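Please open the model in a viewer and keep the sequence panel visible. The stops below are given in the order in which they may be selected.

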Amino acid sequence: MRSDTALTIRCISAFGILGLVMIASYVFVSQAIDQSSKNAALINTAGMQRMLSQRIALNALRATTTDDVDNHPSVDQLRTAIMTMRGNHDTLLRQTFAKRFQQRYPAAVLKEHVLNEKVEDFLAAGNTLLSSLSGGGSDGRLSAEGEMLQNHLAAGLLGDLDTYVMTLQKIDETETARFIRLQAICLVVGLVTLVAAGVFVFIPITNGISRALDRLDAADSELRQFSYSVSND
């Protein structure tokens, strides 16, 4: 194989590898940004659940101890908080029980299975209290249902919500570390390719140019000598 053909193949291969590395880096960065956005939204939603559970318990306490249930704002605030917590819970269930999520993070899915029952019981107790408030239940009944909500929190719901948030944060940290490793691999491959291109492509090209210049200088010298001899003759 001629040397110029071999250099051409090496040059094309080097630039091809560099192009693939750049494309891979772009894909990894795009995936990292997209996954980080999804994880951030999931963590934010899970963290909101803890705040909403406390808000529900607080408004339930206010609604069951007021003398004017029909006009007290805590009833509407209780209803809004329950609806928001229900929507967030459904979102977490969809994300957590997605096939890809289950395959990669079974521990988080297991925690959500346990947490799901407690949240459903808590929301059911909240809806029961809302029905009693709307139907004008007795003070004793309202007090008992409000206490039931407090008992759900005391039974570990807040702690389980905190644990789930920390699990999602660890998942996000794992994802970030994985993308950083992939980026490092792309960087190493790119640097190795540049070094290889320098050694096997650019140095041979430079040497070839130097040799060609030397041959031109030798040819020029021979031509000068020939011209001198011809002129003397």
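In which helix is the place of N39? Select N39 in this predicted model: its place is in helix α1, residues 3-65. N39 has a relative accessible area of 6% and is therefore buried, since buried means under 20%. Next, display D172 and E175, which N39 touches when residues up to four places away in sequence are not counted.

**The whole chain**

Now select the entire protein chain. Five helices and zero strands are present, and from the N terminus on the elements run α-α-α-α-α. Of the 233 residues, 31% count as buried. The accessible surface comes to about 14,400 Å², and carbon and sulfur atoms account for 61% of that surface. Among contacts between residues at least 6 apart in sequence, 77% join residues at least 24 apart.

Colour the chain by confidence before going further. The average pLDDT is 78, and 83% of the residues score at least 70. Confidence is lowest in helix α3 (residues 99-104), with a mean of 64, and highest in helix α2 (residues 73-96), with 88. Where pLDDT is low, the predicted coordinates should not be read in detail.

**Helix α2 and its contact with N116**

Select helix α2. At 1.5 Å a residue, its 24 residues should span 34 Å, and the end C-alpha atoms are 34 Å apart, which agrees. The buried residues of α2 include V75, L78, I82, M85, H89, L92 and L93.

Keep H89 and L93 displayed and add N116, which is found in helix α4 (residues 106-135). Leaving aside neighbours within four places in sequence, N116 is in contact with H89 and L93. Is N116 buried or exposed? Its relative accessible area is 19%, and N116 is buried because the limit is under 20%.

**Salt bridges**

The structure holds seven salt bridges; three of the pairs follow here.

- Select R50 and D162. Their closest N and O atoms are 2.7 Å apart. The pair links distant parts of the chain, with R50 in helix α1 and D162 in helix α5, 112 residues apart. R50 counts as partly exposed at 27% relative accessibility, and D162 likewise counts as partly exposed at 27%.
- Select D76 and R79. Their side chains meet in a salt bridge of 3.1 Å, N to O. Because D76 and R79 are three residues apart in helix α2, about one helical turn separates them. D76 is partly exposed at 48% relative accessibility, and R79 is partly exposed at 30%.
- Select R86 and E120. The closest N and O atoms of this salt bridge are 2.6 Å apart. R86 lies in helix α2 and E120 in helix α4, so the pair ties together parts that are 34 residues apart in sequence. R86 counts as partly exposed at 28% relative accessibility, as does E120 at 27%. Add D90 to the selection: R86, D90 and E120 are linked in a network of salt bridges.

**A nonpolar patch**

For the last stop, switch to a surface display and select F15, F202, I205, I209, L213 and L216. These residues make a nonpolar surface patch of about 580 Å². Which helix contributes the largest share of the patch? Helix α5 (residues 139-232) does, with five residues. L213 lies in helix α5 and is partly exposed, with a relative accessible area of 47%.

Methods
Residues are numbered from 1 along each chain as its sequence is written. This is a predicted model: local features need pLDDT of at least 70, side-chain atom pairs count only at pLDDT 80 or more; totals for chains, interfaces and linings use all residues. Side-chain values use heavy atoms; hydrogens and water are left out. Helices (H or I, at least four residues) and strands (E, at least two) are DSSP runs, numbered from the N terminus. Buried means under 20% relative accessible area, exposed over 50%, partly exposed in between (1.4 Å probe, protein chains only). Contact means heavy atoms within 4.5 Å. Patches are made of residues with over 30% relative accessible area and no salt bridge: like charges are joined within 9 Å, nonpolar side chains (Val, Leu, Ile, Met, Phe, Trp, Tyr) within 5 Å. Accessible areas come from the Shrake-Rupley method with a 1.4 Å probe; for residues, only the protein chains shown count as cover. A salt bridge is a side-chain nitrogen of Lys or Arg within 4 Å of a carboxyl oxygen of Asp or Glu. pLDDT is the predictor's confidence in each residue, from 0 to 100. The expected span of a helix is 1.5 Å times one less than its number of residues.
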